[in-house]
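Me: I am new to reading structures and would like a close look at a single part of this one. Please take one helix with its surroundings and go through it step by step.

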Amino acid sequence: CHALLSSDDQMFIFETAGILIVNSEFPAESKEVLMRNLLSPLMEKFKLFLDKLIMEENEEKTATLADCISHAVSFASRTSKAFSNKQTVKQCGCSEVYLKCLETFLPALSCPLHKEVLRSGVRTFLHRMIICLEEEVLPFIPVASEHMLKDCEAKDLQEFIPLINQITAKFKAQVSPFLQQMFMPLIQAIFQVLTRPAEDNDQSAALEKQMLRRSYFAFLQTVVGSGMCEVLSNQGSENVEQVVFTVIQGAVEFPDPIAQKTCFIILSKLVELWGVKDGLVGFIDFIYKRIVPACFLAPMKPTFDLSDAQTVLVLSECAVTLKTIQLKRGPEFIQYLQQEYLPSLQIAPDMIQEFCQVLQQTDSKVFKNYLKVFFQRAKT
């Protein structure tokens, strides 16, 4: 590992070698042989170093070995940069050698030493393979996920979620069974980290939790946004309730506009999908008991700053949620606002009338603008 070249230089050499092979005039069989010759030594070194790492007791040596393992994986990742839509892995006959790499590298995920370094390298390789190998990568995802969810910290989860989002957005229905299976284990791992007690003044722990919360909501947004609500609805009513309740919490309780905006996007999507007669059992009730109040409670919070650009985007999504409820539930919703909900907030009858009239206008932009004025008046 004491190389004459820095690891960055070595990366460029592997990338260049990949580019030369992929863009050469050779037939696919020759490209495959050359790529195998380039990648096989990396796989051999990887296995050798991983075996050594597991046996090694000297901490300094384990750190060096972990770096060497990580470099081997990174070099393999870099060779894949050569492929493009015109020159895919399949066309170059290289699928098999990359699948072999995946098989070789995955055991590093369960190594208890230097988890951060090893997992990070393998994760990057997986991201690359999802792009390059398409659905051929899918059989490896459940095993990789299982390893990555073991003994994980906030940062592990935060970096793992984009991988799942990438797979969900790319393969949609194809990965629905897998997502249904790993949904609650992932959610539980997230909740476990989020509910861990931390010191009041521990800024970095608070920031990590905030970032993880954002990642969690981004994951839910990807699932519902990819039209895969069955992933959520098949988790059993208690789990569904718990998850949707966290979205309400995210929209109202935490003064983080980025997360709040995502939460309102999720709520709008759920109303669109489940806010109908044959939607999820009990969901219409949930709209009135939880979602409608959230649309008023969030903007009324003292921390909800209407002069802040990010917060205005939250209000805009909040308007979309109310508009979606109106489109799905029609007069029933208007009646509820006029006769029950808005009077309970001590809002003047003429303001209630005005609110409901604007909400029913076809141009949703008008309502978005109105909502800002409505809350500015309500907060003075």
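The reply below looks at one helix and its partner, then at some other places in the chain.

Reply: The model is predicted, and the part chosen here is helix H15, residues 331–344. Some background on the chain comes first. The chain has 17 helices and zero strands. Its C-alpha atoms fill a box of roughly 80 × 50 × 40 Å along the principal axes. Of the 380 residues, 48% are buried. Among contacts between residues at least 6 apart in sequence, 72% join residues at least 24 apart.

Now to H15 itself. The helix has 14 residues, and at 1.5 Å a residue these should span 20 Å. The C-alpha atoms at the two ends of H15 are 19 Å apart, which agrees with that expected span. There is nevertheless a kink in H15 of about 45 degrees, and its centre is leucine 337. Leu337 is also one of the buried residues of H15. The others in that list are Phe333, Ile334, Tyr336, Tyr341 and Leu342. These buried residues pack against three helices, namely H13 (283–300), H14 and H16 (349–359). Just after H15, glutamine 346 takes a positive phi of about 65 degrees.

One of those partners, H14, covers residues 309–329. The axes of H14 and H15 come within 6 Å and cross at roughly 125 degrees. An angle between 115 and 145 degrees is neither roughly perpendicular nor roughly antiparallel, so H14 and H15 count as oblique to each other. On the H14 side, the contact is made by Leu322, Ile325, Gln326 and Arg329. On the H15 side, Pro331, Glu332, Phe333 and Ile334 take part. Sorted by class, this contact has five nonpolar, one polar and two charged residues. Phe333 and Ile334 thus appear both in the contact with H14 and among the buried residues of H15.

Helix H8, residues 176–194, can be checked in the same way. Its 19 residues should span 27 Å at 1.5 Å a residue, and its end C-alpha atoms are 26 Å apart, which agrees. H8 bends by about 40 degrees at methionine 182. A proline, proline 185, follows within four residues of that bend.

Before H8 comes helix H7, residues 154–171. Lysine 172 sits in the loop between H7 and H8. The phi of lysine 172 is near 40 degrees, a positive value in a residue other than glycine. With a relative accessible area of 38%, lysine 172 is partly exposed.

On the other side of H7, aspartate 151 lies in the loop between helix H6 (141–148) and H7. Aspartate 151 also has a positive phi, of about 35 degrees, although it is not a glycine. Its relative accessible area is 58%, and the cut-off for exposed is over 50%, so aspartate 151 is exposed.

A second aspartate, aspartate 156, is placed within H7. Its relative accessibility is 8%, and buried means under 20%, so aspartate 156 counts as buried. Leaving out residues up to four places away in sequence, aspartate 156 touches Arg119, Arg123 and Asp151. The contacts of aspartate 156 therefore include an exposed residue, Asp151.

Notes: Residues are numbered from 1 along each chain as its sequence is written. This is a predicted model: local features need pLDDT of at least 70, side-chain atom pairs count only at pLDDT 80 or more; totals for chains, interfaces and linings use all residues. Side-chain values use heavy atoms; hydrogens and water are left out. Buried means under 20% relative accessible area, exposed over 50%, partly exposed in between (1.4 Å probe, protein chains only). Axes are lines fitted to C-alpha atoms, for helices over the stretch in contact, and angles run from 0 to 180 degrees between N-to-C directions. Angles under 35 degrees count as roughly parallel, over 145 as roughly antiparallel, 65 to 115 as roughly perpendicular and the rest as oblique. Contact means heavy atoms within 4.5 Å. Ala, Val, Leu, Ile, Met, Phe, Trp, Tyr, Cys and Pro count as nonpolar, Asp, Glu, Lys and Arg as charged, and the others, Gly among them, as polar. The expected span of a helix is 1.5 Å times one less than its number of residues. The bend at a residue is the angle between axes fitted to the seven residues ending there and the seven starting there.
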